[in-house]
Amino acid sequence: MTAIDSSPAPPPPVDACVSAGTVHPRPDGQDRYTISEVAAFTGLKAHTLRWYEQIGMLPQVERSHTGQRLFRNRDLDWLAFVTKLRLTGMPVADMVRFAELVHGGEATYGERRAILQQSRQEVAARIAELQDTLAVLDAKIDFYAGAPEAPERA
């Protein structure tokens, strides 16, 4: 007799753009945001959001029957991720390429990972450089803290 495992298979990994537990202003299913609401929530300008859509950095944004953009929670998550990529100093062209790869599906995981690994190496190098700079500043601050004050000039 053969035993059959009836436990459900684990779900496939989700390519979440932000950490789990992200709080959205509205729950899924009720997540229809105007461009001004997204701008207020993300801190990005409406012009920037339109530009991101135009250059292909944002997935196709839904439109209302009047043509007004309607953003979803997944768009907020993507924008949070794009904002992090901008903070790394990643060029816009590379971010657009990454967005194209995301649209390409699971077959592009390797190339996406390579882009992020390269960016990570660059960020780590900048952090090391900034830590060195911080050490120099701390040494100068300590020097000046221990230096005698110069007499005032008359």
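## Exercises on helices, core and surface

**Exercise 1.** In this predicted model, compare the expected span of α5 with the distance between its end C-alpha atoms.

*Solution.* Begin with the 38 residues of α5, which at 1.5 Å a residue should span 56 Å, because the expected span is 1.5 Å times one less than the number of residues. Next, take the end C-alpha atoms of α5, which are 55 Å apart, a value that agrees with the expectation.

**Exercise 2.** Determine which residues of α5 are buried, and what they pack against.

*Solution.* Along α5, the residues that count as buried are Arg 112, Ile 115 and Ser 119. The buried residues of this helix pack against α4.

**Exercise 3.** Decide whether Ile 141 is buried or exposed, and describe the surface patch to which Ile 141 belongs.

*Solution.* First locate Ile 141, which lies in helix α5, residues 109-146. Its relative accessibility is 54%, and because exposed means over 50%, Ile 141 counts as exposed. Finally, Ile 141 joins Leu 134 and Leu 137 in making a nonpolar surface patch of about 300 Å².

**Exercise 4.** Describe the largest nonpolar core and identify the helix that gives the largest share of it.

*Solution.* The largest nonpolar core has 24 residues, and among those with the most contacts inside it are Trp 78 and Leu 79. Helices α1, α2, α3 and α4 each supply at least two residues of this core, while the largest share, 6 residues, comes from α3. Turning to α3 itself, its buried residues include Phe 81, Val 82 and Leu 85, and what covers the buried residues of α3 includes α1, α2, β2, α4 and α5.

Definitions and conventions. Residues are numbered from 1 along each chain as its sequence is written. This is a predicted model: local features need pLDDT of at least 70, side-chain atom pairs count only at pLDDT 80 or more; totals for chains, interfaces and linings use all residues. Side-chain values use heavy atoms; hydrogens and water are left out. Patches are made of residues with over 30% relative accessible area and no salt bridge: like charges are joined within 9 Å, nonpolar side chains (Val, Leu, Ile, Met, Phe, Trp, Tyr) within 5 Å. Accessible areas come from the Shrake-Rupley method with a 1.4 Å probe; for residues, only the protein chains shown count as cover. A salt bridge is a side-chain nitrogen of Lys or Arg within 4 Å of a carboxyl oxygen of Asp or Glu. Helices (H or I, at least four residues) and strands (E, at least two) are DSSP runs, numbered from the N terminus. Buried means under 20% relative accessible area, exposed over 50%, partly exposed in between (1.4 Å probe, protein chains only). A nonpolar core is a set of buried Ala, Val, Leu, Ile, Met, Phe, Trp, Tyr and Cys residues joined through side-chain atoms within 4.5 Å. Contact means heavy atoms within 4.5 Å.
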